[in-house]
Amino acid sequence: MRKLTTFIAPALLFLSLSWSAIAQDTHKPLDFVSEQLSVQLLNNVRALSSPELVKAQAEYFRLMYTALVDSGFSKEEALKIVIAMAENK
């Protein structure tokens with residue numbers, strides 16, 4: 001039992017010190033990754049907000065709605081389906 005305690009105590013100390021060092025070192029890379037992700041998301045929003053793309057999406061959803069109604073869905077059902085499709089995009 002004494003040998004086990006002799007091994008576990010230094011191991012726990014090493015792990016706690018290592019974890020502290022890892023936690024301090026990871027702040028910089030995480031900050032860098034967070035910053036890069038923020039820039040990427042902002043660029044995605046800008047790209048997806050272009051008037052041409054917004055118009056194309058509106059036309060797509062209108063065509064889908066019309067096709068659903070023409071296929072026999074009620075207007076309410078078609079609208080619910082198109083809304084669900086838009087939410088998943």
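Here are four short exercises, with worked solutions, on the predicted model shown above.

**Exercise 1. Getting oriented**

Find how many helices and strands the chain has, and how confident the predictor is in the chain on average.

*Solution.*
- Begin with the elements: the chain has three helices and zero strands, and from the N terminus on they run α-α-α.
- Next, take the confidence. The average pLDDT of the chain is 79, and 66% of the residues score at least 70.
- Then look at residues 1–5, where the pLDDT is below 50. Beyond near neighbours in sequence, this stretch has one contact in the model.
- A word of care for this step: where pLDDT is low, the predicted coordinates should not be read in detail.

**Exercise 2. Helix against helix**

Describe how helix 2 and helix 3 pack, and which residues meet.

*Solution.*
- Start with the geometry: the angle between helix 2 and helix 3 is about 145°, and their axes lie 9 Å apart.
- Add the handedness, which is right-handed for the crossing of helix 2 with helix 3.
- Now list the partners. Helix 2 brings Tyr60, Phe61, Met64, Tyr65, Leu68 and Val69; helix 3 brings Lys75, Ala78, Leu79, Ile81, Val82, Met85 and Ala86.
- Finally, sort these residues by character: twelve are nonpolar, none is polar and one is charged.

**Exercise 3. The nonpolar core**

Work out which residues form the largest nonpolar core, and which helix gives the most to this core.

*Solution.*
- The five members of the core are Phe61, Tyr65, Leu68, Ala78 and Val82.
- Trace them to their elements: helix 2 (51–70) and helix 3 (75–88) each supply at least two.
- Helix 2 gives the most, with three residues.
- Zoom in on one member, Ala78. Leaving aside neighbours within four places in sequence, Ala78 is in contact with Tyr65, Leu68, Val69 and Phe73.
- For the wider setting, buried residues make up 6% of the 89 residues in the chain.

**Exercise 4. A closer look at Ile81**

Decide whether Ile81 counts as buried, partly exposed or exposed, and which residues Ile81 touches.

*Solution.*
- Locate the residue first: Ile81 lies in helix 3.
- Ile81 counts as partly exposed because its relative accessibility is 29%, and buried would need a value under 20%.
- Not counting residues up to four places away in sequence, Ile81 touches Leu68 and Phe73.
- To finish, compare sequence with space: Ile81 and Tyr65 are 16 residues apart in sequence, with 8.1 Å from C-alpha to C-alpha.

Notes: Residues numbered from 1 in each chain as written. Predicted model: local features only at pLDDT ≥ 70, side-chain atom pairs only at ≥ 80, totals over all residues. Heavy atoms only, no water. Core = buried A, V, L, I, M, F, W, Y, C linked by side-chain atoms within 4.5 Å. Buried < 20%, exposed > 50% of the residue type's maximum accessible area, 1.4 Å probe, protein only. Helix = DSSP H or I, 4+ residues; strand = E, 2+ residues; numbered from the N terminus. Contact = heavy atoms within 4.5 Å. Axes fitted to C-alpha atoms, helices over the stretch in contact; angles between N-to-C directions. Left-handed = near helix turned anticlockwise from the far one by under 90°. Nonpolar A, V, L, I, M, F, W, Y, C, P; charged D, E, K, R; others polar. pLDDT = per-residue confidence, 0-100.
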